[in-house]
Amino acid sequence: MNYENILTEINEGIGTITINRPKQLNALNRQTIEELHDAFDQFDKQDTVRVIIVTGSGDKAFVAGADIKEFMNFDAEQGRGLAREGQALLFDFVQNLDTPVIAAVNGFALGGGLELALASHIRIASDNAKVGLPEVSLGVIPGYGGTQRLAQIIGKGRAMEMILTAEMKDATTALKYGMVTEVVPLENLMETAVKKAKKLMRNSPMAQSLAIKSVNASYYQEGFKEEVNLFGQAFTTQDFKEGTQAFVERRKPNFTGK
Ligand code: CAA
């Protein structure tokens, strides 16, 4: 597959995937999700790739979310399809890979961007990172597993607060919440991720893949399916139309609750 929206490279057993739509702050449209699926799949199948690092291009954003402009005119069925297919192709797929994945979060990780980081096995952030699930400010809910994985990783109380306020948290708070395990200056982010990858490479890849399966085994729940349904339901509402339209028009939304 030829990639338009991502860059890939393999170096000393580390496969690096860089999401490369900097003008859209690396927002995840359908094509980017398909390319990411293919790249993760190819790397996972290669014995020479022992660890995968995923990051965003530029110094501003890891990923600013699902591509709002792509889905703003979808109906409920298309909304559900977006969430279901996205989860299968990328978010569940990454979570269940045999090869460990490190997310090097180099700036905004919002909505689908934070959800991609949460699906990865290890998260490291740069000091300028800003993380959040801003979907309710658009009249929708997280649809790529965020309502489930954020609560699993940082606990229900903090997850509920983040999701309902739609607020971004800085890197220090993300570290305090246990959302990331390390925060480093932006210029040191990739070398820190590589160092972590090299540490992982000292261990048995077979045992690591079994460990990933075993840790994940506690977390298969009905919640992911319910998230897809409720995500789709939001697409039937006036608030969703208003929220996404307001984003495009760069104004504050006027929600009516309908
Ligand atoms: N989708 C589509 N385009 C996006 C985008 C997104 N998620 N995020 C940013 N962009 C685009 C902007 O529209 C803008 O494009 P134009 O220059 O063509 O207008 C460009 O990227 C640069 O963005 P800004 O000018 O807005 O940059 P900023 O520095 O002023 O603000 C920001 C940065 C705070 C991250 C802001 O861009 C923002 O709030 N983005 C949206 C974040 C968001 O709501 N993410 C959740 C998406 S929904 C989702 O992910 C659903 C799901 O779970 C499935």
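Helices, such as the α2 named below, are DSSP runs of H or I with at least four residues, numbered from the N terminus. The model on screen is predicted.

**Stop 1: the ligand and its pocket**

Select the ligand first. The ligand sits in the largest pocket. Now show the residues around the ligand: there are 27 of them, and K60, K69, G112, E115 and E135 come nearest. Colour this shell by residue class, and 15 residues come up as nonpolar, 5 as polar and 7 as charged.

**Stop 2: the elements behind the shell**

Which elements each supply at least two residues of the shell around the ligand? Select α2 (68-71), β6 (108-110) and α4 (112-119), and you have them. Keep α2 highlighted: the largest share of the shell, 3 residues, comes from this helix.

**Stop 3: polar contacts of the ligand**

Turn on distances between the ligand and the protein. Start at I68, where a polar backbone atom is 2.9 Å from a nitrogen atom of the ligand. Move to A64: here too a polar backbone atom lies 2.9 Å from a nitrogen atom of the ligand. Then select R250, where the contact is made by the side chain, with one of its N or O atoms 2.9 Å from an oxygen atom of the ligand. With these contacts displayed, switch to a surface view. The ligand taken alone exposes 980 Å², and the protein buries 75% of that.

**Stop 4: the loop between β2 and α1**

Leave the ligand and select the loop between β2 (14-19) and α1 (30-45), where L25 is found. R21 lies in this loop as well, and so does N26.

Begin with R21. Is R21 buried or exposed? R21 counts as buried because its relative accessibility is 12%, and the limit for buried is under 20%. Follow the side chain of R21 to the backbone oxygen of A27, which it reaches at 2.7 Å.

Next, check the backbone angles of L25 and N26. L25 is not a glycine, yet has a positive phi of about 50°. N26 is not a glycine either, and its phi is also positive, at about 60°. Compare their accessibility while both are selected. L25 has a relative accessible area of 25% and is therefore partly exposed, whereas N26, with a relative accessible area of 0%, is buried.

**Stop 5: from α4 into β7**

Go back to α4, one of the elements that supply the shell around the ligand, and step on to S120 in the loop between α4 and β7. S120 has a relative accessible area of 4%, so this residue is buried. What lies 3.0 Å from a polar atom of the side chain of S120? Display L116, and the backbone oxygen of that residue is found at this distance.

Continue to I122, in strand β7 (residues 122-126). The relative accessible area of I122 is 21%, so I122 is partly exposed; the cut-off for buried is under 20%.

For the last selection, add I53 to I122. The two residues are 69 residues apart in sequence, and their C-alpha atoms are 9.5 Å apart in space.

Methods:
Residues are numbered from 1 along each chain as its sequence is written. This is a predicted model: local features need pLDDT of at least 70, side-chain atom pairs count only at pLDDT 80 or more; totals for chains, interfaces and linings use all residues. Side-chain values use heavy atoms; hydrogens and water are left out. A residue is near a molecule or strand if one of its heavy atoms lies within 4 Å of it. A polar contact is a pair of N or O atoms within 3.5 Å; within protein, one must be able to donate a hydrogen and the other to accept it, and residues adjacent in sequence count only if both atoms are side-chain atoms. Accessible areas come from the Shrake-Rupley method with a 1.4 Å probe; for residues, only the protein chains shown count as cover. On a 1 Å grid over the protein atoms alone, a cavity is a set of points where a 1.4 Å probe fits but cannot get out, and a pocket is an open set with protein on both sides within 12 Å along at least five of seven lines; lining residues have an atom within 4 Å of a point. A molecule sits in a cavity or pocket if more than half of its atoms lie within 2 Å of its grid points. Ala, Val, Leu, Ile, Met, Phe, Trp, Tyr, Cys and Pro count as nonpolar, Asp, Glu, Lys and Arg as charged, and the others, Gly among them, as polar. Buried means under 20% relative accessible area, exposed over 50%, partly exposed in between (1.4 Å probe, protein chains only).
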